[in-house]
2 protein chains.
Amino acid sequence: MPPSPRTRPPLHRVTVLDAAVELADAEGIEAVSMRRLAERLGVVPMALYKHVSDKEDLLDGMIDRVIAQFQPGDPSADPSADPSAWPDAVRRVLLSTREVVQRHPWARRVIETRTHRTPAVLAYMEAVTQLFLGGGLSPDLTHHVMHVLGNRIWGFSPELFNDPGGRPASDRPRTSGQPVPSDFPGILAIAADASARRPGATGCDEEFEFRFALDLLLDGIARLHASEWASPPL
Amino acid sequence: MPPSPRTRPPLHRVTVLDAAVELADAEGIEAVSMRRLAERLGVVPMALYKHVSDKEDLLDGMIDRVIAQFQPGDPSADPSADPSAWPDAVRRVLLSTREVVQRHPWARRVIETRTHRTPAVLAYMEAVTQLFLGGGLSPDLTHHVMHVLGNRIWGFSPELFNDPGGRPASDRPRTSGQPVPSDFPGILAIAADASARRPGATGCDEEFEFRFALDLLLDGIARLHASEWASPPL
DNA sequence: CTGACGGGTGTACATCGTACGCTTTCGCGC
DNA sequence: GCGCGAAAGCGTACGATGTACACCCGTCAG
């Protein structure tokens, strides 16, 4: 039902979110306040609350809009054709993701402060997970590999699976839809495998994940060192 | 009475910072406002500005206090004794760092929002760098390895070396001291090597760093997969 | 005694997120 | 056409936050 014409077409969630993304791109994330955003949309601040439940929801939605630009699967390449092709597939996806994130520099910081796993985030994780599973990696290995892709020097991993990211995690109803588990068979397979291995455990063994990632990196580094690796010439 | 007794000993920078860390540990980082912190110190909010230049400086200082708990070098182990011992040394340092960060869960998020490279941060990076250099790794390889320890699934790396993290990076004078380059010979060696390889370039080649990290991980993962790796039994 | 200075005070302002209630507009069954 | 209920937008108001600015007071060097 097309909105009948008035002075200004009515706002919608995506209109608001895209305007926020645009604002952040142009003036940085700290310029994205409800008032500034409303002003840019020619509307009073409180009008926005008809489309996002609060600012957290706005930020969640902005990230969803960015993630929507990812290209998690290249449908032209059948993943099961060549079982050894998964590294290239993963490389392609991550490099394309990187390109998108670089176009929205603020997204990096915002992603790290998100405490909700929105459907878009889960869908992206599912897509990457499927690349590994489709390549024949076990759910077990895939599980830890997904963790590895987030570990870093500071001594923590960004808790992709468990949720206690921010303290209160206000239970105000999100405006975005709730994810349904069956949409994410890959993630589910991982979770099932993990809980079979550690019955009764809730969440992942972060300590193990950290050591796993660390050893993987140190092994790889030692191998490069032993083979006298050097930067390619210009 | 040399420090003549008054109702309360005067504040110092570290007093303020440690109180802030305590507050964050107890009630979460969002509880750390200038007012709440001042209240906890029995002082009026504006009094804090005699010890920190603004809130960014407060957060920088809090991180410095956390980093001060890291144990970057174990002096009992001579790093040059066994040239193949560097992986263990790195492992020890990172696991101890991880322990500290886990005691201050807010630190993870705050570190990621810092835009300044404070002396404490640089000192920590220097210490890790020295472990690799001391193990015989080339400055070239060490350089990229330091970047690797920060790359992740989302398509960005956390720009450890170059500084354009936040936009304006207010040039108000920080209350903390300015770092002097000669204190960081390891980082310096890396920078020198890098600029010799890419004359005229400013900053690191983030694109290269990302691909380097990605390939390192994918190689390691493929190797584990080929050897039919599985989680150790409980 | 005096004057500078470092630490602490008090007031004031702009900005932020958002609760609450009102008005306008739109689409639809009558 | 009419009325009505829901959706969309408006206006006011409140409490919190970071911090600029002017001031006050106790200490100490001269």
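Of the 234 residues in chain A, 47% count as buried. Keep in mind while you look around that this is a predicted model.

**Stop 1: chain A alone**

Select chain A and show it as a cartoon. You will find nine helices and zero strands. Reading from the N terminus, the order of elements is α-α-α-α-α-α-α-α-α. Now switch on the surface of chain A. Its accessible area comes to about 11600 Å², and 57% of that belongs to carbon and sulfur atoms. How far apart in sequence are the residues that touch within the chain? Among contacts in chain A between residues at least 6 apart in sequence, 74% join residues at least 24 apart.

**Stop 2: where chain A meets chain B**

Show both chains and select the residues in contact between them. The selection should hold 68 residues from chain A and 66 residues from chain B. Together the two chains bury about 6700 Å², with 68% of this area on carbon and sulfur atoms.

Next, look for charged pairs across the boundary. There are four salt bridges between chain A and chain B. To see one of them, select A:Arg98 and B:Glu207, whose closest N and O atoms are 3.4 Å apart. For polar contacts, the count across this interface is ten residue pairs, both residues of each pair being at pLDDT 80 or more.

Which elements of chain A give two or more residues to the side that touches chain B? Colour helix H4 (86–103), helix H5 (105–113), helix H6 (119–134), helix H7 (139–148) and helix H9 (206–226) of chain A. The largest share comes from H9(A), with 17 residues. Colour the residues on this side of chain A by type, and they divide into 39 nonpolar, 14 polar and 15 charged.

**Stop 3: Glu228 in each chain**

Move past the end of H9 in chain A and select A:Glu228, which is found in the segment after that helix. Its phi is near 55 degrees, a positive value in a residue other than glycine. Most residues other than glycine have a negative phi. Is A:Glu228 buried or exposed? A:Glu228 counts as exposed because its relative accessibility is 71%, and the cut-off for exposed is over 50%.

Now go to chain B and select B:Glu228, in the segment after helix H9 (206–226) of that chain. B:Glu228 has a phi near 55 degrees, again a positive value in a residue other than glycine. With a relative accessible area of 69%, B:Glu228 is exposed.

How values were computed
Residues are numbered from 1 along each chain as its sequence is written. Chains are lettered from A and ligands numbered from 1 in the order in which they are written. This is a predicted model: local features need pLDDT of at least 70, side-chain atom pairs count only at pLDDT 80 or more; totals for chains, interfaces and linings use all residues. Side-chain values use heavy atoms; hydrogens and water are left out. Contact means heavy atoms within 4.5 Å. Buried area is the accessible area (1.4 Å probe) that two parts lose on being put together, summed over both. A salt bridge is a side-chain nitrogen of Lys or Arg within 4 Å of a carboxyl oxygen of Asp or Glu. A polar contact is a pair of N or O atoms within 3.5 Å; within protein, one must be able to donate a hydrogen and the other to accept it, and residues adjacent in sequence count only if both atoms are side-chain atoms. Helices (H or I, at least four residues) and strands (E, at least two) are DSSP runs, numbered from the N terminus. Ala, Val, Leu, Ile, Met, Phe, Trp, Tyr, Cys and Pro count as nonpolar, Asp, Glu, Lys and Arg as charged, and the others, Gly among them, as polar. Buried means under 20% relative accessible area, exposed over 50%, partly exposed in between (1.4 Å probe, protein chains only). Accessible areas come from the Shrake-Rupley method with a 1.4 Å probe; for residues, only the protein chains shown count as cover.
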